[in-house]
Every structure is written in C-alpha cells, then in structure tokens.
Amino acid sequence: MSATIISFVSSKGGPGKSTLTTHTAIILAEGGAKVAVMDADPSGRMTRISQNADNGLGKYFTVFPNVTAENLVQQVQIINNDFDFILIDPEGVLSDLIVQIAKIAHIVISPMKLGQGDIEESTKTAAVINQVAKDTGRDINLYFVLNDVSTTRSGLDAHWLEVLRKSNFKTFQTIIYTRVAYKETTDLGVSLLELSPKRVKAHSEITRLVEEVFAAIKSHYEEK
Ligand SMILES: Nc1ncnc2c1ncn2[C@@H]1O[C@H](COP(=O)(O)OP(=O)(O)OP(=O)(O)O)[C@@H](O)[C@H]1O
Ligand SMILES: [Mg+2]
C-alpha cells in the first residue's frame, strides 16, 4: 500500500505550515497511522523538532531531513510503502519545490491568516498550483485553511470571512484559532493531549480539520 501525501504550502513565511503539519502528524499518529514528515525547509525546523533530545515529538512521526525540489520524488518513492502518511513541510516561498509537491500530493493545503495580505498571497499560491495543473493535466486537490484567527471576532474578520465565502477558493469549514497550545506542542515537544491540563479545544479543532482533509481526499479521488 502506498502512503497518502499531504502538504501545507504557502507563498510567504509564517502562516502556520509547520504548526499544522506537526499537529496533523500527531493526530494521525494518535489514530494509529505510521507518519513521515519530509523536512523540505532549508531552515530544518521539523528536523530540529524531532531530534531535540528533550523533545518527544519524534515518537509520533519520523522526520526525513534535507528534502529539496530535486530529491523529493525519489525520497517519497523510497519510503512510500513504509508509511501510511507522508507530510511534506516546505519553506514559505513559491519555488520549484511547490511545483514538485503539487505533482505528487493527494492534497495541497494552503494555510492563511484572515486579512487582505494573506488573501492576496493565497491568490498567488492558487495561481501557481493552477498553472501546474494546466501544465501537467493533473487535477490538483487544493484547499485553503484559515489559521491563527483571533477567538474574539472583529467586524473586519467578518468582512474577510465574507470575501472568502464569495471567492472560488475551496476553504475548509474548520477554522484554526490563535491558541498558545499550538505553540506549546512544537516548543515543548508534547502533544496537546499530553499537556496538563489537556488542550481539548485545540485538539478538537485539529481533529475536525483532519476529518475534513480525509473527506476532501476521498471525494477528490472518488470523482475520478
Ligand atoms: N494557530 C496558531 N496559534 C498560535 N500560534 C500560531 C498558530 N499558528 C502558527 N502560530 C505561530 O506562528 C509562527 C509561525 O508558524 P509556523 O512556523 O507554523 O509557520 P510556517 O508557515 O511554517 O512558517 P515558515 O514559512 O517560516 O516555515 C510560530 O511561532 C507559530 O508558533
Ligand atoms: Mg515552517
């Protein structure tokens, strides 16, 4: 059996790719899956997270370091049969790496914050992915997810939510809110359920997102 490939991508740094990759990987592992994370960011953040001796995230997933646009496909082929899921964590720049990811991923998810700048960046990401789809004839399964959204919703947030609703971006219903718990996990190397008290709200948010990701993959491939 070959792995399901999931990648969070963005055209700029910081919307939450590594955070969502980490939490998705943990949820999948908690569900009993074998999970690999390909560290395709030259900063090596995911590699450090898993290798830090004080940090226990390595027990949830195996990180493969130094993945690049040139070696991605080969690296995925090597481990494809050994894992249920392969998550690819790229840097925040529209590069050939994103093109390579779009060619192989079962789903590409672009996190964005709520605001004009992020919506503009997401438009750029969508344009690149759509171009890959055109060039390759591949129907790429692209979704957006709102991340790091304030729990106290402002009128401006409501405005941008409406703008998004009217756009043709496929956006997950689940909104990931700004919660210190998401940082605690990556910084302290413990899962949301290992923290005391357990971070139940964050855990249920991520669980709902992962359920939506599953549904999106299922419907995309059933259509074929
Ligand atoms: N939902 C959230 N709640 C609280 N903090 C968050 C959330 N999402 C991301 N952050 C914080 O925002 C910062 C950027 O997140 P992250 O490193 O996941 O982004 P990235 O897209 O991987 O960035 P880069 O492009 O630099 O790799 C981190 O400090 C992270 O802890
Ligand atoms: Mg990152």
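## Starting from the middle: strand β2

A residue counts as buried if 20 or more other C-beta atoms lie within 10 Å of its own C-beta atom. With that in hand, let us look at β2 in this predicted model. Six of the six residues of β2 meet the cut-off, so the strand is largely enclosed by the rest of the structure.

Which residues of β2 point one way, and which the other? V35, V37 and D39 share one direction, while A36, M38 and A40 point the other way, and all of them are buried. This fits a general pattern: in a regular strand the side chains alternate between the two faces of the sheet.

## The sheet around it

Strand β2 belongs to an open sheet of six strands, whose order is β3-β2-β4-β1-β5-β6, with parallel pairing. The edges are formed by β3 (62-64) and β6 (142-146), each of which pairs on one side only. From one strand to the next, the twist averages 25°.

Now for the pairings themselves. On one hand, β2 runs parallel to β4 and is joined to it by six bridges; here A36 has I86 of β4 as its bridge partner. On the other, three bridges link β2 with β3, again in parallel, and M38 is partnered by F64 in β3.

Strand β4 (residues 85-90) also runs parallel to β1 (residues 4-8), with four bridges between them. Here I86 turns up again, as the β4 bridge partner of I5.

## Helices packed on the sheet

Two helices are worth a look here. Helix α3 (residues 72-79) packs on the sheet and touches β1, β2 (35-40), β3 and β4. The direction of α3 makes about 165° with that of β2.

Helix α4 (residues 96-104) lies across β1, β2, β4 and β5 (107-112). Its direction is at about 160° to β4. Strand β2 is thus met by both helices, α3 and α4.

## The surroundings of ligand 1

How many residues surround ligand 1? There are 18, and the closest are G13, K17, S18, T19 and G92. Two elements give two or more residues to this shell, namely α1 (17-30) and α7 (180-188). Of the elements, α1 gives the most, with three residues.

Sorted by class, the shell around ligand 1 holds nine polar, six charged and three nonpolar residues.

Conventions
Residues are numbered from 1 along each chain as its sequence is written. Chains are lettered from A and ligands numbered from 1 in the order in which they are written. This is a predicted model: local features need pLDDT of at least 70, side-chain atom pairs count only at pLDDT 80 or more; totals for chains, interfaces and linings use all residues. A residue is near a molecule or strand if its C-beta atom, placed from the backbone, lies within 6 Å of it. Ala, Val, Leu, Ile, Met, Phe, Trp, Tyr, Cys and Pro count as nonpolar, Asp, Glu, Lys and Arg as charged, and the others, Gly among them, as polar. Two strands pair if DSSP finds at least two bridges between them. Axes are lines fitted to C-alpha atoms, for helices over the stretch in contact, and angles run from 0 to 180 degrees between N-to-C directions. Two residues are in contact if their C-beta atoms, placed from the backbone, lie within 7 Å. A residue is buried if 20 or more other C-beta atoms lie within 10 Å of its own, exposed if 12 or fewer, and partly exposed in between; C-beta atoms are placed from the backbone.
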